[in-house]
Amino acid sequence: MFSLLKCSLSLLLLVLSNSCKTAQNFNWQNGRIYRFAGTGEPGYCGDGGPACSAKLNRPAGLAIDKEDNVYVADLINCVVRKIDGRTESILTIAGSGQRGYDGDGGPSTLAKLNRPEGVFIDDKSNLYIADSGNHRIRKVDSRTGLIKTIAGIGQKGFGGDGGKAETATLNHPAGVVVDSHGNIYFNDYGNDRIRKIDNQGIISTYAGTGVPGYSGDRGPANQAAINDVYGMAIDEKDDLYLIDSLNFAARKIDSGTGIISTVVGQGRPGPVIEFSPILQSFLGGNPHPKGVIGSEVPHAIEIDSQGNLFIGETGTHRIRMVHKNKQCLLTVAGSGKPGRTGDNGPARQANLEVHGLRIDSKGRLFFVDFIHHIIRAIEFPEKTDDKRPSKRLEE
């Protein structure tokens, strides 16, 4: 009986694997990569000119608005910069360039930030900043250009759940997203929690217990253990996706039920296997000691409008895709080697470093190379058949 079950399981895995391999001819694997912003030299200059001629210094989080403008948290420069989606010119839109904390109630470009790590643009074009070094979340009003603090008192710690977010204590918030109802979610990195600010300004813990670990799948997210969450993404249903980096897993929180589940990953690093079925797939890299920012764990996550999930595997120097229709994991960029080679060539042959990750409405994939002070982009070709007209981006 056991032999029969084992044989049946092996046959099932073979069928799944062969089904996934049909994805290797999809256009997701035929992207071309290019440098979008930054020269590769650290610095702060270039506002008003082409983004590819500007200098950045440790770019971190990315955001893209509904007009495909790109926003980047320029961490060491302590500013947020915007790259126009049409002209590709760059401009500072928040931060004076001086490290510190001040400016609430005034123009965002006169305010001081402290190593901002995460940014997000809501559907009203308001800008949200995870002002990590100040242990605050800040917001820039799109109509007035004025900045204010919406969470955090500036002291590192944990407290305030159930009360107003402005009086809460945070610990190095590193990422932020906003749902369609105006609820704000941020990665309270140092507290191993995801916290939520509802549209009345009340803060609560949305995921994590504060004790690092890997547990809680199929239960309430605020009773689950997480461990060094870096990237976050949100889909059109307001479901939240997390890169649980030291657990080498991508996890999802259902917006309707608050239930957490693992989408891909086994709770530990493993081999990169192309077209492997999702349930058997690993995320690659190497763990790091707690309290250290790891360079060999997964960092970034994004989801497109079709439900395809993209993961920045920093430790394996690849961008991998959870293909929704094929239910398998495949590489869309990266040779597996570190560096920054391959511009204007095939994305899968490029050497790369990947941290922040976002996709625009045209299907272009943007990612931050924190080490080389640049933003790179990948364009995927249209799917063409011999006798049929081309179709944008195979699903």
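User: Which strands form the open sheet, in what order, and is the pairing parallel or antiparallel?

Analyst: In this predicted model, 5 strands form an open sheet in the order β24-β1-β27-β26-β25, and the pairing is antiparallel. The edge strands are β24 (345-346) and β25 (357-359), each of which pairs on one side only.

User: What makes β1 and β27 a pair?

Analyst: Two strands pair if at least two bridges are found between them. Strand β1 (residues 32-37) and strand β27 (residues 374-379) have 5 bridges, in the antiparallel sense, and so they satisfy that condition. Within this pairing, I33 stands opposite I378 in β27.

User: How do you know that β25 and β26 pair, and what lies between them?

Analyst: The requirement is at least two bridges, and β25 and β26 pair over 3 bridges in the antiparallel sense, with R358 standing opposite F366 in β26. These two strands form a hairpin with 5 residues between them, and G363 in the turn has a positive phi of about 85°.

User: What joins β26 to β27?

Analyst: β26 and β27 form a hairpin with 4 residues between them, where H373 in the turn has a positive phi of about 65°. Their antiparallel pairing runs over 5 bridges, and V368 stands opposite I375 in β27.

User: Why is strand β26 called largely enclosed?

Analyst: Because 5 of the 5 residues of strand β26 (residues 365-369) are buried, the strand is largely enclosed by the rest of the structure. Both of its faces are covered, with L365, F367 and D369 buried on one side and F366 and V368 buried on the other.

User: Why is D141 called buried, and where is it found?

Analyst: Buried means under 20% relative accessible area, and D141 has a relative accessible area of 18%, so it is classed as buried. D141 is found in the loop between β8 (136-140) and β9 (147-151).

User: What does the side chain of D141 reach, and how do you know that this is a polar contact?

Analyst: The side chain of D141 reaches the backbone nitrogen of T144 at 3.1 Å, and the cut-off for a polar contact is within 3.5 Å. Leaving aside its neighbours within four places in sequence, D141 is in contact with N126 and L146.

User: Which residues have the most contacts inside the largest nonpolar core?

Analyst: That core has 30 residues, and those with the most contacts inside it are I194, L240 and I253. Among the elements that give two or more residues to this core are β7 (127-131), β9 and β10 (173-178). Apart from it lies another core, of 21 residues, among them F310, L330, L357 and F380.

Technical notes:
Residues numbered from 1 in each chain as written. Predicted model: local features only at pLDDT ≥ 70, side-chain atom pairs only at ≥ 80, totals over all residues. Heavy atoms only, no water. Buried < 20%, exposed > 50% of the residue type's maximum accessible area, 1.4 Å probe, protein only. Polar contact = N/O pair within 3.5 Å; in protein donor to acceptor, adjacent residues only side chain to side chain. Contact = heavy atoms within 4.5 Å. Core = buried A, V, L, I, M, F, W, Y, C linked by side-chain atoms within 4.5 Å.
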